[in-house]
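Subject: Structure handover

Hi,

Here is the structure I promised to pass on. Please open it alongside this email.

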Amino acid sequence: MNHESSTSLENLLAEDRRFPPAPEFVAQANAGPEMSSWAAADRPAFWAEQARQLLTWSTPFTETLDWSGAPVARWFADGRLNACYNAVDRHVEAGRGDRTALIFEGEPGDGRTLTYAELQIEVSRAANALLEIGVRTGDRVAIYLPMITEAVVAMLACARIGAVHSVVFGGFSAEALRSRIEDAQAVAVITADGGHRRGSAAALKPAVDEALAGGGASVRHVLVVRRTGQEVAWTEGRDVWWHEALEQASERHEPVQVEAEHPLFILYTSGTTGKPKGILHTTGGYLTQTAFTHLNVFDLKPETDVYWCTADVGWVTGHSYVVYGPMLNGATQVIYEGTPDTPDKGRWWEIVAKHGVTILYTAPTAIRTCMKWGEDVPGRYDLSSLRLLGSVGEPINPEAWTWYRRVIGGDRTPVVDTWWQTETGAIMISPLPGVTTAKPGSAQTPLPGIAADVVDEEAHPVENGSGGYLVITEPWPSMLRGIWGDPQRFADTYWSRFPGIYFAGDGAKKDEDGDIWLLGRVDDVMNISGHRLSTAEIESSLVAHPMVAEAAVVGASDTTTGQAVVAFVILRAEYLDQVDQEGEGADVAATLRAHVTKQIGPIAKPRTILVVTELPKTRSGKIMRRLLRDVAEHRKVGDVTTLADSSVMDLIATGLDKPT
Ligand code: 6R9
């Protein structure tokens, strides 16, 4: 365990505030204490029952779990179903078509609501439009959109025809989009002219054009949503307006019933190497666990709740808790296009008050930002509709947790700290709001049907009161089925550290009651504002710049974003000569920041760039990021005995007088 983990651990375990669920909440809660014992008695049978209760199958399954091909699980494999039918059509067929599905808030203040019946028509038209441009069952479709209703419709339309969506976050660069399109061999891209961000129209289509100019030969068509109305370049024969295609398409479409193990989506996430991993999720198991967790962790009452998850569909949280989980349960939900401070810092709370939001799910980084802005901002709005708050994406520090409950939740609402990953597909560890006495800062207990533990180096469960590695010891329905096109990497990445056991990459601790406290990643993956980024990915981007000879990137603690990117770079000698002559050294940081933004996206942009003459390396040539983290966090540098040359740290320390 590294230095900062052990420090934060002491802070965390000094946290002794307790929040038992209110009796009124317990009395109406969806999940009670009996659920855990039922699930523990027969895990597969528990999930089979959830799959039957929560989903509609065109062919009921008779097999529950097949683990004979481990680590690739097959759940409910002989059943057939359609994800979009389950998320939309069946609610209409059951007479609930008039219920509002989506309440859209555009950043400029425009809005739109869609009922389930209206959504059924729109997804049917979109499915027909996809068929019209030649997309077929099993094909991959890249989606590169702002947070608008069409993003939800596009994903569901793919699922409706059995095509596999690969959503690429709209904040990612053309280069990131190109590599994802090529890895998945996508046949079509769905994008928009642009989206509204921080008060202006941010273009998206040019990035698609650039991505396809530099590769992406598999793409035959680009569907373009008109959102901002800005000018777009047009490639005749390839580009098609979304609204025109939908207008011409029939509003009737029969959902394609697929096998439970049919791929539903690929979502790329950062690993420890430079190449992002295409995490593959399939249909039946994924839908079962997203529906189950959404219903029980958020205690959803579909008739009365107004749910809002602030995540973008570009992240897994947007997949599982904007699109699939809520819609499978027939929820009414808000989606918001823009930033929390546009036009002012009260925007989120204005939305909560305006729509009477009852359940809010967001990330610690957003909560800490609101704390910084001051409690008088939310204090200006009526937030009394809220009855449950959720957190996801990174460890939530107890101060942020208690602030969230007190200021946003009026000292009344349960707070659920939900631990999960792109790979797990759905929530794995979280309090149950009507059962668990909450501890600020702890995700606490594996959900019913989930087997998680904290183990030592030898895979032995640690004693209560000790720390180690968080692992999942039994297969779960929404587990990833692999890394797209790379089964070996799947086995190596998740199943080799502790053979036969899924290792998530997180450090954790069990307290005296056996509750789990997450301590952050133990690998070279950073968590910036709840978004995963790999040090290697940013390093390889930096060294791709002609100015840079070598680079090392670390995630340093940051009070707002959790971690921030700090880059140590060694410049090429030729460049240094040039700087000396022209005195342009100050531009180094700006140039490299712009370069990383272009290559990966703004979230990967280093907060700090330090120009150094050496990097600390072990004798085997591995960069010792631990030491660089000490420097980046202004700590006394730790043990340097494994360095090939221990004087390097002195060189770095002296060079730090002028951080750029
Ligand atoms: C859903 C999501 C996964 C990584 C994960 C962990 C961190 C997520 C957390 C949490 C502590 C929580 N993480 N939720 N850490 N407490 N409640 O965020 O997926 O983007 O794949 O990130 O995020 O480190 O390993 P993803």
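Below is what was found, from the overall fold to the ligand site and then the strands beside it.

Keep in mind that this is a predicted model.

Overall fold

The protein has 22 helices and 30 strands. Its radius of gyration is 24 Å, close to the 26 Å that the globule rule gives for 660 residues, so the protein is as compact as a globular protein of that length. The C-alpha trace spans about 75 × 65 × 55 Å along its principal axes. Of the 660 residues, 60% count as buried.

Ligand site

How many residues surround the ligand? The shell holds 17. The closest are Asp 417, Thr 418, Thr 422, Asp 506 and Arg 521. By class, the shell splits into six nonpolar, six polar and five charged residues. Two elements that each supply at least two shell residues are helix α12 (316-328) and strand β25 (516-521).

Three polar pairs are worth checking on screen:

- Asp 506: an N or O atom of its side chain lies 2.9 Å from an oxygen atom of the ligand.
- Arg 532: a side-chain N or O atom is 2.9 Å from an oxygen atom of the ligand.
- Glu 394: here a polar backbone atom is 3.4 Å from a nitrogen atom of the ligand.

How much of the ligand does the protein cover? On its own, the ligand has 530 Å² of accessible area, and the protein covers 97% of that.

Strand β24 and its partners

Asp 506 leads from the ligand to β24. This strand runs over residues 502-510. Why is β24 largely enclosed by the rest of the structure? Nine of its nine residues are buried, that is, under 20% relative accessible area, so the rest of the structure largely encloses the strand.

β24 pairs with β22 (residues 467-472) in the antiparallel sense, over five bridges. Within that pairing, Gly 468 stands opposite Ala 508 of β24.

β24 also runs antiparallel to β25, again over five bridges. Here the bridge partner of Asp 506 is Arg 521 in β25. Both of these residues are also among the closest to the ligand.

What links β24 to β25? The two strands form a hairpin with five residues between them. In the turn, Gly 514 has a positive phi of about 85 degrees.

A good place to start is the Asp 506 and Arg 521 bridge, followed by the side chain of Arg 532 at the ligand.

Best wishes

Key:
Residues are numbered from 1 along each chain as its sequence is written. This is a predicted model: local features need pLDDT of at least 70, side-chain atom pairs count only at pLDDT 80 or more; totals for chains, interfaces and linings use all residues. Side-chain values use heavy atoms; hydrogens and water are left out. A residue is near a molecule or strand if one of its heavy atoms lies within 4 Å of it. A polar contact is a pair of N or O atoms within 3.5 Å; within protein, one must be able to donate a hydrogen and the other to accept it, and residues adjacent in sequence count only if both atoms are side-chain atoms. Accessible areas come from the Shrake-Rupley method with a 1.4 Å probe; for residues, only the protein chains shown count as cover. Helices (H or I, at least four residues) and strands (E, at least two) are DSSP runs, numbered from the N terminus. Ala, Val, Leu, Ile, Met, Phe, Trp, Tyr, Cys and Pro count as nonpolar, Asp, Glu, Lys and Arg as charged, and the others, Gly among them, as polar. Buried means under 20% relative accessible area, exposed over 50%, partly exposed in between (1.4 Å probe, protein chains only). Two strands pair if DSSP finds at least two bridges between them. The radius of gyration is taken over C-alpha atoms; the globule rule is 2.2 Å times the number of residues to the power 0.38.
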